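Student: I have a protein model open on my screen and no idea how to read it. Can you walk me through it, one feature at a time?

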Amino acid sequence: MAYSGLYVLGFGGHARSVADVALAAGVKCLLFVDANAMPDEEFAGFSVVSSMPHPASAGWAVFPALGDNLRRRQALESAVLHSVVLVSPTSTIGRLAEIGEGTFVGHHAHVGPSARVGRGVIINTGAIVEHECEVGAFSHISVNAIVAGRSRIGSNVLVGAGATVIDGIRVCNDVVIGAGATVVDHIVATGTYIGTPARLMRS
């Protein structure tokens, strides 16, 4: 591990998942940074502050821990320190897979061989991104969602909890796929898609 501590940007639910994975991965020191921090807030004994310490501690890195794709992008792009990749020790990463900075791979998730995952992506608990898939920057593959082999997920896409994108499908940027939906055809227009097969609910 090339850093001695981690500033966790955010203190919502996803930040707790980030902290849990970081601790499991061997990170010893955490500090949450959230503009809405309340006095004496903490998680697992680690404090919350309302702004980044100045100067930052030597050897520390940052991690954008916001579930919202746009807010996570803002946090990563405005970070003053290097952002790391955070991968749970219970996840599996296939050979030749590439994972961008600021990306989170949760407990029991899988990223298949030769998959390419962009910056600031969430591959959440139990999610599967199979072989040769591409996932664009600041997308979120939710809990237990499946993106089957050779699919292409654009940037700023949310694949909801338990949703499935079958193999070889292309999804454009700025799309929300509802929880439990099944995507069986390419999505070429921005909007929210729900159901099985997934249909446009609103653009």
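Tutor: Sure, let's begin in a loop. Pro-55 sits in the loop between β4 (46-49) and β5. Keep in mind that this is a predicted model.

Student: What kind of peptide bond joins His-54 and Pro-55?

Tutor: Look at the omega angle of the bond. Between His-54 and Pro-55, omega is about 0°, and the bond is cis. Another cis bond runs from Thr-196 to Pro-197, with omega near -5°. Pro-197 is in a loop as well, the one between β23 (191-194) and β24 (199-202).

Student: Okay, let's zoom out. How many helices and strands are there in the chain?

Tutor: Count two helices and 24 strands.

Student: And how do I judge the overall size of the chain?

Tutor: One way is to compare the radius of gyration with a rule for globules. For 203 residues, a compact globule would come out near 17 Å, and this chain has 17 Å, so the two agree. You can also picture a box along the principal axes: the C-alpha atoms fill roughly 50 × 35 × 25 Å.

Student: How much of the chain is buried?

Tutor: Of the 203 residues, 46% count as buried. As for the outside, the chain exposes about 9,400 Å², and carbon and sulfur atoms supply 53% of that area.

Student: What about charges? How many positive and negative side chains are there?

Tutor: You'll find 13 positive and 15 negative ones, and the centres of the two sets lie 5 Å apart.

Student: Now the sheets. How do I read the order of strands?

Tutor: Go across the sheet and note who sits beside whom. One open sheet here has five strands in the order β3-β4-β2-β1-β5, and its pairing is mixed. At the edges stand β3 (42-43) and β5 (60-64); each has a single partner strand, so one side of each is left without a neighbour in the sheet.

Student: Which strands does β1 run parallel to?

Tutor: Take β2 as one of them: four bridges join β1 (residues 5-9) to β2 (residues 30-33), and the two run parallel. Within that pair, Leu-6 stands opposite Leu-30. Then there is β5, joined to β1 by five bridges, again running parallel. There, Tyr-7 stands opposite Val-62 in β5.

Student: Is β5 enclosed or open to the outside?

Tutor: Check its residues: five of the five are buried, so β5 is largely enclosed by the rest of the structure. Both faces are covered, with Trp-60, Val-62 and Pro-64 buried on one side and Ala-61 and Phe-63 buried on the other.

Student: What is the strand order in the six-stranded sheet?

Tutor: That open sheet goes β7-β10-β13-β16-β19-β22, with parallel pairing. Its edge strands are β7 (92-93) and β22 (182-183), each of which pairs on one side only. Inside the sheet, two bridges join β16 (residues 146-147) to β19 (residues 164-165). Val-147 has Val-165 as its bridge partner in β19.

Student: How do I read the surroundings of a single residue?

Tutor: Ask where the residue is, how covered it is, and what touches it. Glu-98 belongs to strand β8 (residues 98-99). It is partly exposed, with a relative accessible area of 47%. Beyond its neighbours within four places in sequence, Glu-98 contacts Ala-115, Arg-116 and Val-117. Ala-115 is 17 residues from Glu-98 in sequence, yet 6.3 Å from it in space, C-alpha to C-alpha.

Student: Is Gly-102 buried or exposed?

Tutor: Buried, because its relative accessibility is 1% and the cut-off is under 20%. Gly-102 lies in the loop between β8 and β9 (104-105). Among its contacts outside its sequence neighbours within four places are Phe-63, Pro-64, Gly-120 and Val-121.

Student: Last one: which angle should I check in Asn-144?

Tutor: Check phi. In Asn-144 phi is positive, about 65°, although the residue is not a glycine. Asn-144 is in the loop between β15 (140-141) and β16, and it is partly exposed at 48% relative accessible area. Asn-156 also has a positive phi, near 55°. Its loop is the one between β17 (152-153) and β18 (158-159), and at 19% relative accessibility Asn-156 counts as buried.

Terms used:
Residues are numbered from 1 along each chain as its sequence is written. This is a predicted model: local features need pLDDT of at least 70, side-chain atom pairs count only at pLDDT 80 or more; totals for chains, interfaces and linings use all residues. Side-chain values use heavy atoms; hydrogens and water are left out. The radius of gyration is taken over C-alpha atoms; the globule rule is 2.2 Å times the number of residues to the power 0.38. Buried means under 20% relative accessible area, exposed over 50%, partly exposed in between (1.4 Å probe, protein chains only). Accessible areas come from the Shrake-Rupley method with a 1.4 Å probe; for residues, only the protein chains shown count as cover. Lys and Arg count as positive and Asp and Glu as negative; His and the chain ends are not counted. The place of a charge is taken as NZ of Lys, CZ of Arg, CG of Asp or CD of Glu. Two strands pair if DSSP finds at least two bridges between them. Contact means heavy atoms within 4.5 Å.
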